[in-house]
Amino acid sequence: MTNRRWLPTMLRARQAGEDAAALHVAQARRDLAEHEGIERAQRARLAGLGVPATGSTRAFLVEVTRGDAAAATHLAAQHRVGVAERRLAARVEELNAAAQQRQSVQKLSERLDAEGRATELATSQRSLDDLTISRFTRTTAGRTP
């Protein structure tokens, strides 16, 4: 198989891989934004809880339990944000790797195309040189010193 046949296919495959990686990055960014919004809401909920009222013991325990649950929910939301940030960083790295792979194949293709053009130009130049030499030889052969 010649270089000119498989390189375009390889380039399209690398581009498809890069496009898929870009979609994963976009999804990871949406997930991060969603988790950040949930975390902000949980933080606001936690901040909205006041100091337990000095009422009955039961009311006090209910307020403390509510505060503990809100704190745990907020902590879980913070954890999800951290996971989403790490996932986004990994997806961005994958996108960068895919872009580098595509660029390397693209550069290889451009280099092979340039080599092919240089070979064609050299062949054309040799043909012109041969033609010129043969004309010169014929022209000078007709002349006698």
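Me: What share of the chain's 145 residues counts as buried?

Reply: In this predicted model, 17% of the 145 residues do. The cut-off behind that label is under 20% relative accessible area.

Me: Why is Arg102 called buried?

Reply: Arg102 comes out at 14% relative accessibility. Buried means under 20%, so Arg102 counts as buried. As for where to look, Arg102 lies in helix 2.

Me: Which residues does Arg102 touch, once those up to four places away in sequence are set aside?

Reply: Leu11, Arg14, Gln15 and Glu18. Contact here takes heavy atoms within 4.5 Å.

Me: And Phe60, what makes it partly exposed?

Reply: Phe60 has 38% relative accessibility. Buried stops at under 20% and exposed starts at over 50%, with partly exposed in between, so 38% puts Phe60 in the partly exposed class. Phe60 also has its place in helix 2.

Me: How many Å separate the C-alpha atoms of Phe60 and Pro8?

Reply: The figure is 71 Å, for two residues 52 apart along the chain.

Me: What does the fold consist of, in helices and strands?

Reply: Two helices and zero strands. Helix 1 covers 3–48 and helix 2 covers 57–142.

Me: Which residues make up the largest nonpolar core?

Reply: There are six: Val25, Ala28, Leu32, Val81, Ala84 and Leu88. Helix 1 and helix 2 each supply at least two of them. What earns the set its name is that a nonpolar core takes buried residues of kinds including Ala, Val and Leu, joined through side-chain atoms within 4.5 Å.

Me: What does Ala28 contact, leaving aside neighbours within four places in sequence?

Reply: Ala28 is in contact with Leu88 and Arg91. Leu88 is itself one of the core residues.

Me: How do you know that the chain isn't a compact globule?

Reply: Put the two radii of gyration side by side: a compact globule of 145 residues would be near 15 Å, but the chain has 35 Å. The C-alpha trace also spans about 130 × 30 × 15 Å along its principal axes.

Me: Among contacts between residues at least 6 apart in sequence, what share joins residues at least 24 apart?

Reply: That share is 87%.

Me: What about the surface: how much does the chain expose, and what do carbon and sulfur atoms supply?

Reply: The chain exposes about 10700 Å², and carbon and sulfur atoms supply 57% of it.

Me: Where do the charges sit on average, and how many Å lie between the two mean positions?

Reply: With 23 positive and 17 negative charges, the mean positions are 4 Å apart.

Definitions and conventions. Residues numbered from 1 in each chain as written. Predicted model: local features only at pLDDT ≥ 70, side-chain atom pairs only at ≥ 80, totals over all residues. Heavy atoms only, no water. Buried < 20%, exposed > 50% of the residue type's maximum accessible area, 1.4 Å probe, protein only. Helix = DSSP H or I, 4+ residues; strand = E, 2+ residues; numbered from the N terminus. Rg over C-alpha atoms; globule rule 2.2 N^0.38 Å. Areas by Shrake-Rupley, 256 points an atom, 1.4 Å probe, with all protein chains shown as cover. Lys, Arg positive; Asp, Glu negative; His and termini not counted. Charge placed at Lys NZ, Arg CZ, Asp CG, Glu CD.
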